Amino acid sequence: MLCAHPVSFGVADAPYYRLSAPLSPGRGLAEHPCVEIGPEEDNGLEVTAIQLTPWTLYFDGSSTAESAGAGIIIESPSGIRTEMSFQLDFECTNNQAEYEALIIGLEILADLRVSTVMIIGDSQLVLRQICGEYKCTSLALSPYFAMAVQLLDEFDDVSVQHIPR
């Protein structure tokens, strides 16, 4: 079984990737009744962007000769953390276990109808593949990659950050 460990963000050169899906018709900020975009006359400030606080998904997978597992931590915008670990009852590689963890977390967030998510993990391969920096050429990983990309399409805004092991 996996244990979830707190992640430190003090790494100076940690790469940060951002994926954004375009706003679909009928879902623009200009149509939201509570949001005004444009110059502010009262204090001389101009509003140039509005950013939603994302949900955060930490994921990690591990595989050994004896067992495999996937662990996730989901943090709400208000800071409430939920930790879950899963025993994988089949043989898999480390990268497959990493994808399993990512997919489980994305499925949970999609079920919660989350629109903005920050994904944080230590698997450089998985993160670079979902960002499009690396091609997924492994036949063993292709179904995982396809499922992850399909799930990512359900979110309006996705940020991805790699943290070193």
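**Strand 5 and its surroundings**

Trainee: In this predicted model, which residues point one way from strand 5, and which the other way?

Mentor: Thr116, Met118 and Ile120 go one way, while Val117, Ile119 and Gly121 go the other, and all of them are buried.

Trainee: What makes strand 5 largely enclosed by the rest of the structure?

Mentor: Just count: six of the six residues in strand 5 (residues 116–121) are buried, so the rest of the structure largely encloses this strand.

Trainee: How do you know that strand 5 and strand 6 pair?

Mentor: Two strands need at least two bridges to pair. Strand 5 and strand 6 (residues 157–162) have six, in the parallel sense. For instance, glycine 121 sits opposite histidine 162 of strand 6.

Trainee: And what makes strand 2 and strand 5 a pair?

Mentor: Use that cut-off of at least two bridges again. Strand 2 (residues 55–63) and strand 5 have five, also in the parallel sense. Leucine 57, for one, has isoleucine 119 of strand 5 as its bridge partner.

Trainee: Why is glutamine 129 called buried?

Mentor: Buried means under 20% relative accessible area. Glutamine 129 has 4%, so it's buried. You'll find this residue in helix 2 (residues 124–131). Leaving aside neighbours within four places in sequence, its contacts include Tyr99, Leu141 and Phe145.

Trainee: How do you know that the buried residues of helix 3 line one face?

Mentor: Tyr144, Ala148, Leu151 and Leu152 are the buried ones in helix 3 (residues 142–152). Looking down the axis of helix 3, its buried residues fall within an arc of 100 degrees, so they line one face. Pro143 and Gln150, on the other side, are exposed.

Technical notes: Residues numbered from 1 in each chain as written. Predicted model: local features only at pLDDT ≥ 70, side-chain atom pairs only at ≥ 80, totals over all residues. Heavy atoms only, no water. Helix = DSSP H or I, 4+ residues; strand = E, 2+ residues; numbered from the N terminus. Buried < 20%, exposed > 50% of the residue type's maximum accessible area, 1.4 Å probe, protein only. Contact = heavy atoms within 4.5 Å. Arc of directions from axis to C-beta.
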